[in-house]
Amino acid sequence: MNLNPEVIFGPKGPLSKKLPYFEYRPSQVEYSQAVRDIITKGKIGLLEAQTGTGKTLAYMIPSLESGKRVMISTGTKALQEQLYHKDIPLLQKKLGLQFSHVLMKGRMNYLCLLKHERAQIEPVLPDKNSVSDFEEIQSWVAETETGDIADSPVADDAPIWKALTISADACLGSKCRFFNPCFITKLKQRAEDAQILIVNHHLFFADLSLQIMNGYSIFPPYDVVIFDEAHQLAEIATHNLSLGFSERGFRELFSELSRELQILRTREKQNVEDAQNWAHKVGESVSKLFDRFTTMPQKVRYDERAIADLAQNNAMVLNERFNRLLQSLLNFVDKTEDMPQLYRRLSAAQSSLAFLLQGSDDAYVYWAERNDTREWSLQASPLDVSGALKKSLWPNLQAAVLTSATLFIDDNSKKVKEELGIEQSSDKKFPYNFDYPAQACLYIPKHLPEPTAPNFAESAGAEICKLVQVTEGGTFVLCTSFSNMRIYERFLSALDYPLLVQGTRSKQTLLKSFLKNRGSVLLATMSFWQGIDIQGDALVSVIVDKLPFAVPSDPLMEARIQYLRKQDRDPFMDYQLPGAVMMLKQGLGRLIRTSVDYGVLAVLDRRILTKMYGKAFLRNLPAMPLLHKLDELREAFGERREKFLQYH
Ligand code: SF4
């Protein structure tokens, strides 16, 4: 079959004949041609195209045409699933294309046969509910070919999976008794034969980090990568190139060690007293270290003097105790199945902790954070991942396409390229697909105080209630802080609309409930809204309380600001403002997903009108009516809703 995009996506092409809802879109043809050009000429290209372009099929066709092994990396597991279960089967069925493709997720998404065997003989299940879950899993294991826990009858966030999955560093690999039938081994074998590999950014960069550290990769060699939702890459790369040591991780590692020492003592008749003694002492030192953090703020940078002193005082004792423990364990390294891996993990934990407590590498920001269950973790994140990617990623690829609805600011992709270490690329911004002036409107009330005013949250809460009444719910309220979110929650609970609040249930449950109960209002912070896809009139209003600048006191943000200042750059103009502009564009992207969607984007932050930098936000949004009064909004919204109802 001729896979030229002009033919495939043309007005008389095979898709137009086979898909009843096919719509000829010149921008889709142009987009697909651009992907083809990047792949055939072996370049890097950044392509900004909005929802509605039909990007997925448009990058799939030239990928298949190239005959190369192409890796498609998506922002979330949900998008991976959509590609694997919906888009690709559609292409195969409608165009009769034959090609092999594999869906690859992180290791913790697959049942580990070794742990499954242990669960049958040892009391490792976390709670009573897990007993019935385990029975269901037993029948599923006998049938499943992939071991993907998302396909099992038990929810993939059920506590039992902790006991039945395994992390990369704990897996026994080729030394495992189950290596041949192992689902991960089989997955890798299928990947070796596949033309298209579907992964997600977290897995991609976790693998890159492994490659940088020890040259190991779970992926077979590939030629081209297509990064969908590429605006997330810098953040996800930073996360995966960070080092960490957490109280919880340490506790889990030490409970595995205790179990192993117990086996050595009872089954292997070994004298493990010395090892147990040093394990106890290491545990004591770690608890002492984290105890000292209890009076600290929830998230704090290391280079604050008090913490540096505190960390370093403990570092020497802790390191010495770890050394003694490892020395003692050397006697047993080949005595049990798990001991070699356990020894390696303990040794890695020791080095990470030593690095974290030293806190002296200028390329990193060191910080400590307490989670909701009051457990601490120490982190070191690279201030800049561009160098690592410039060295270890881009030169190893024949071609790469980075695509998203938000890559450009003021018609250039400088910020994204700088963050990712891309020096040369061929970039293109595709025009908007939707009739924004007819479908949407932008509401910016002038009467609210500035967000820095003490009464802002109360005034914004009252305004949000009025907006919810105008649109009769169907609202996302995207908050810049948890404290404001609580105030808005108080205001909104006086209204009679189903209210959903981030943190009360899982993200998936909240979204399902939002879709099911028309007129719902969902309150969430910025991190929640990425990648959400709600079409139609379930969502007709997106309210942003403040311009979405990242919190400058966040350790990573604060350190990046200092880092840019040291380079004589303006952190506000070069980093904070472009980041916030992209976030706002993302917010609008949640609202209008198809050509019949409609609604209002409300920005309750008047600085968008009064400050110079406000213009950057306005000129990076598509043109649409700008309204300042509630009556005007009521009318404009009503017109748009009426038009929508005519379609349905
Ligand atoms: S090889 Fe690793 S993932 Fe597979 S069964 Fe063994 S321990 Fe589990």
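Which residues in H10 meet H11? In this predicted model, His-201, His-202, Phe-205, Ala-206 and Ser-209 of H10 are in contact with Leu-233, Ile-236, Ala-237, His-239 and Asn-240 of H11. By class, this contact holds five nonpolar and five polar residues, with no charged ones. Helix H10 spans residues 201-214 and helix H11 residues 233-240; their axes lie 9 Å apart and make an angle of about 45°. The two helices are therefore oblique to each other, and their crossing is right-handed.

A second helix pair comes earlier in the chain numbering, with H4 covering residues 55-66 and H5 residues 77-95. Here the packing angle is about 60° and the axes are 11 Å apart, so that H4 and H5 are likewise oblique to each other. The crossing of H4 and H5 is right-handed. From H4, the contact draws on Thr-56, Leu-57, Tyr-59, Met-60, Ile-61 and Leu-64; H5 supplies Leu-83, Asp-87, Ile-88, Leu-90, Leu-91 and Leu-95. Of the residues in the contact of H4 with H5, 10 are nonpolar, one is polar and one is charged.

Turning to the sheets, seven strands with parallel pairing form an open sheet, in the order E3-E4-E2-E5-E10-E1-E11. At its edges stand E3 (101-103) and E11 (428-429), each of which pairs on one side only. E3 is joined to E4 (residues 196-200) by three bridges, and these two strands run parallel. Within this pair, Val-102 has Leu-197 of E4 as its bridge partner.

The other open sheet contains four strands, ordered E6-E9-E8-E7 and paired in antiparallel fashion. Its edge strands are E6 (243-246) and E7 (299-301); each has a single partner strand, so one side of each is left without a neighbour in the sheet. From one strand to the next, the twist averages 20°. Three bridges connect E7 with E8 (residues 364-370), and the two strands run antiparallel. Lys-299 has Glu-369 in E8 as its bridge partner.

Helices also pack on this four-stranded sheet. Helix H12, residues 247-266, lies across E6 and E9 (376-382), and its direction is at about 70° to E6. Helix H22, residues 555-566, touches E7, E8 and E9, and its direction makes about 30° with that of E7.

H22 has a helical partner as well: its axis and that of H23 (residues 571-591) come within 10 Å and cross at roughly 150°. H22 and H23 are therefore roughly antiparallel to each other, with a right-handed crossing. On the H22 side, Met-557, Arg-560, Ile-561, Leu-564 and Arg-565 make the contact, while H23 contributes Pro-571, Tyr-575 and Gln-576. The contact of H22 with H23 comprises five nonpolar, one polar and two charged residues.

Finally, which residues are found around the ligand? The shell includes four cysteines by name, Cys-112, Cys-171, Cys-176 and Cys-182, together with Leu-113, Leu-114, Ile-166, Leu-172, Gly-173 and Phe-178. Nine residues of this shell are nonpolar and one is polar, with no charged residue among them. The polar member is Gly-173, because glycine is counted in the polar class, as are residues outside the nonpolar and charged groups.

Methods
Residues are numbered from 1 along each chain as its sequence is written. This is a predicted model: local features need pLDDT of at least 70, side-chain atom pairs count only at pLDDT 80 or more; totals for chains, interfaces and linings use all residues. Side-chain values use heavy atoms; hydrogens and water are left out. A residue is near a molecule or strand if one of its heavy atoms lies within 4 Å of it. Axes are lines fitted to C-alpha atoms, for helices over the stretch in contact, and angles run from 0 to 180 degrees between N-to-C directions. Angles under 35 degrees count as roughly parallel, over 145 as roughly antiparallel, 65 to 115 as roughly perpendicular and the rest as oblique. A crossing is left-handed if the near helix is turned anticlockwise from the far one by less than a right angle, and right-handed if clockwise. Contact means heavy atoms within 4.5 Å. Two strands pair if DSSP finds at least two bridges between them.
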